[in-house]
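This report covers domains, one sheet and one chain contact. Keep the structure open while reading.

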Amino acid sequence: MKKLVIFAVLVALVGVFVVFADSTTYPAYPAYTGPAATITMWAWTSNENYSIDAFEKVYPNIHVVWSNFGVDYTKILTSTAAGKGLPDVIMSEYTYAPQFIEYGSFQPINKWIPESLYLKFFPEYSLKWTSLDGQIYGTPQDSGAIVMLYRKDIFEKYGLTVPTTWQEFAQDAEKLHSENPDIAFTTIPNNWVIWPVGMVWQAGGSMFDYANGKWYVDFTNPTAMKVFDYWNNLLQEGAVKFDTWWTADWYKEIDQGKLAVIISGAWSPEWVSLNSPSTSGKWGVALLPQWDPNNPHNGEMGGSGFYVSSQSKYPEAAALFVLWLNSNPQSLEYLNQKSQLAALVSNVFTTDVAPSLENVEYPYFGGQKIVPVVLEANNQVNTAFVWLPVMDYVQSSMQTEFQKVIDGKESLVDAIPNWQKAVVAFMKKQGFNNLVVGQLPK
Amino acid sequence: MNIKRKFFLSAKAYLFLAPFLVFFILVVAYPVVFGGYLSFFGQRGARMWYVGGGNYLSVLMDPNFWSGFDIPLFLLLVQVPLMLFISIFIALLYERVKHSQVYRLIFYLPYAIPGIIAGILWSYIFSKSMSPFIPILSLFGIHNVNFLNLSTLIWILLIIILWEWTGYTALIIYSTLLSIPREYAEAAKIDGANNTQIAFYIKIPLLMNTLLILFIFNAIGALQVFNEPWMLGALVTLPPNYTPAMYIYNEAFYYGDFTYAIAMGLILAGVIFAISFFFLRTASKQMQIHE
């Protein structure tokens with residue numbers, strides 16, 4: 001009995017230590033005032049159970065049951081329309097969160113996570129991904145900060161230098177194309193809308209936003225067209241080409257060394273190591289080139305948040321869970337180590353967790369210490385915007401327009417206004433009469 | 001028969017029908033009726049509001065829906081007649097060739113492969129990095145061929161659907177041929193007709209009923225085509241309204257507009273019904289004239 005008491009005290013001390021250990025500059029987590037609850041979660045991050053176990057020790061009245069639903073947005077759609085079937089916590093990419101907020105899939109949790117508390121744990125720009133009109137619906141988990149994966153062996157063979165400006169990038173692309181047209185310097189996905197939007201973001205701009213109850217749609221603003229002009233030139237020179245990403249053909253290209261550079265999110269180092277084991281040791285991770293090296297910007301491609309569903313019977317429990325999951329230092333460590341998420345959005349990650357990871361060498365990248373690069377890429381993200389609530393249509397209309405560019409019927413530059421027209425027409429048809437076309441909020 | 005006995009006989013009949021009836025009502029009749037009810041509402045996520053015939057009006061004026069019919073119409077007007085022609089030819093050969101059961105089995109096998117698997121198989125055959133045609137073409141100095149793009153897709157669909165259905169169709173025609181009395185052909189032979197003349201003037205006219213049914217079923221399949229283009233869509237990016245069935249699926253499950261999709265589905269069913277009805281009427285009139 002005595003041993004049990006000592007053990008219990010030790011566990012309690014450890015528990016208290018875990019909760020308070022690294023939160024020297026952060027407020028304590030709120031206590032749970034509701035009844036004992038079991039909440040369910042749909043998420044595709046691997047190995048969430050470590051964080052869940054640690055959470056349940058701190059909040060013994062809340063039990064979390066997690067199921068991996070893939071990235072099955074259709075399931076969220078149908079359950080929302082049916083009025084039942086949603087879990088308490090839903091994982092969704094930031095890109096699609098406004099769509100689900102608009103559908104009525106999420107409920108506001110300001111009561112338990114007011115904006116003042118949120119901003120202690122998460123950067124202000126992330127509010128654009130987890131809230132609308134001042135209503136907070138969830139918390140952000142991983143960063144999709146854009147990084148550049150490049151084949152060191154191809155760069156060496158053709159005498160290319162890792163570019164730090166877009167001008168250098170274009171020169172590298174043209175050089176490789178003239179020396180070996182069989183290898184694409186990089187490819188533009190014709191089926192991933194997050195990419196072109198991310199590239200405009202990285203230039204310090206955006207293509208749409210939301211403010212004061214209105215949706216702003218402006219694909220042809222100067223910053224966006226600067227980016228599209230740039231890629232149009234490279235396309236017309238043949239130095240880069242379009243490709244359909246995430247297909248068997250594309251993975252084969254990567255394996256066979258027909259691709260020198262992949263521009264994608266902070267999760268892509270992990271992703272490429274899983275999908276192309278045969279090219280291990282040949283890749284490096286670098287920051288994206290800048291338009292103005294004195295004024296660096298970055299954007300995001302992907303990254304997901306955890307939101308409380310509108311059908312949840314225990315919103316307080318769910319809100320406390322999503323807060324803890326995405327900001328507690330122990331949880332963040334698990335998410336980085338066990339779930340392989342390279343960079344996490346929470347301020348706590350930057351101050352408390354990342355410093356201990358800076359010296360890890362990654363064999364897949366030839367021993368490179370990639371964490372500082374990914375962190376710097378994440379720190380360069382200093383702006384954000386709200387994604388349109390019709391991103392599925394923005395993507396499919398983009399695919400249709402880009403197909404015309406691929407077929408040689410129009411240039412990339414001409415495709416953009418057509419794309420915008422289709423999106424605006426669709427939004428009007430869906431009943432959005434609060435649109436502002438042709439400008440962005442000040 | 002007295003009433004009690006009639007009732008007893010009917011009850012027995014319904015009992016035998018019951019398993020199918022229950023299944024049919026649950027899985028076909030009820031969803032159609034409930035869906036029809038829902039189609040009078042507009043929808044966005046969790047919100048629904050009454051629009052009366054608004055959805056149907058929108059569908060009738062939706063260019064995306066009607067432009068998607070070009071693919072099924074191509075299949076209807078090109079693939080179906082072509083396939084029937086080839087199948088008749090093959091079925092006639094079955095009659096003449098020794099050990100025809102071997103050929104019947106081989107040609108039937110593609111039908112046994114589920115459409116989705118066939119779609120995946122064919123997407124590998126036409127993939128630009130893994131196609132078995134690549135080494136053959138490179139022998140002739142042709143490199144970097146992109147078989148699968150939006151303009152070639154319709155021909156690839158044609159090939160896949162012909163491959164899937166011809167053997168099955170030939171088998172059905174063959175079984176009808178078997179039911180033609182041998183005396184007809186023998187009498188014609190005595191009169192001096194050769195095999196081609198027998199085929200054209202005796203056998204094919206007697207196949208007309210079967211051919212009509214086959215045409216209608218294949219027409220229905222062509223107008224509803226979904227599996228094959230959907231699977232190929234993994235390698236080629238397709239517009240969401242490539243075929244009407246794909247547009248209906250995308251409207252429901254990507255854009256979340258379930259009620260609009262229901263209205264489209266019912267209108268598509270109406271179109272198919274009208275076309276089938278038209279063919280049956282015209283064909284049966286033809287039959288009457290012949291007799």
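Domain bounds here come from an automatic or database domain assignment. For chain A, that assignment gives domain 1 (26-143 + 303-357) and domain 2 (147-300 + 371-437). The model is predicted.

**Domain contact.** The centres of domain 1 of chain A and domain 2 of chain A, taken over C-alpha atoms, are 28 Å apart. Domain 1 of chain A brings 21 residues to the contact, and domain 2 of chain A brings 23 residues. On the side of domain 1 that touches domain 2 in chain A, α4 (97-103) and α6 (127-130) each supply at least two residues. The largest share of that side, three residues, belongs to α4(A).

**Chain contact.** Chain A uses 26 residues to contact 20 residues of chain B. Four elements of chain A give two or more residues to its side: α3 (73-82), α4, α11 (248-255) and α17 (391-406). The largest share is six residues, from α17(A).

The table gives the make-up of both sides by class.

| Side | Nonpolar | Polar | Charged |
|---|---|---|---|
| Domain 1 of chain A, touching domain 2 of chain A | eleven residues | six residues | four residues |
| Chain A, touching chain B | five residues | 16 residues | five residues |

**The sheet.** Chain A has an open sheet of five strands, in the order β11-β8-β12-β7-β13, with mixed pairing. Why do β11 and β13 of chain A each have one side without a neighbour in the sheet? β11 (241-243) and β13 (283-286) stand at the edges with a single partner strand each, so one side of each stays unpaired in the sheet. On average, neighbouring strands of this sheet are turned by 30° against each other, direction ignored.

Strands of a sheet pair through backbone hydrogen bonds, either parallel or antiparallel. In chain A, β8 (residues 184-189) and β12 (residues 259-264) pair in the parallel sense over two bridges. Thr186(A) has Val261(A) in β12(A) as its bridge partner. Val261(A) is also the bridge partner of Tyr150(A). β7(A) and β12(A) pair in the antiparallel sense, over four bridges. β7(A) and β13(A) also run antiparallel, joined by four bridges. There, Leu149(A) stands opposite Val285(A) of β13(A).

**Strand β7.** How many of the five residues of β7 (residues 147-151) of chain A are buried? Five of five are buried, and the strand is mostly covered. Val147(A), Leu149(A) and Arg151(A) point one way from β7(A). Met148(A) and Tyr150(A) point the other way. In a regular strand the side chains alternate between the two faces of the sheet.

Conventions:
Residues are numbered from 1 along each chain as its sequence is written. Chains are lettered from A and ligands numbered from 1 in the order in which they are written. This is a predicted model: local features need pLDDT of at least 70, side-chain atom pairs count only at pLDDT 80 or more; totals for chains, interfaces and linings use all residues. Two residues are in contact if their C-beta atoms, placed from the backbone, lie within 7 Å. Ala, Val, Leu, Ile, Met, Phe, Trp, Tyr, Cys and Pro count as nonpolar, Asp, Glu, Lys and Arg as charged, and the others, Gly among them, as polar. Two strands pair if DSSP finds at least two bridges between them. Axes are lines fitted to C-alpha atoms, for helices over the stretch in contact, and angles run from 0 to 180 degrees between N-to-C directions. A residue is buried if 20 or more other C-beta atoms lie within 10 Å of its own, exposed if 12 or fewer, and partly exposed in between; C-beta atoms are placed from the backbone.
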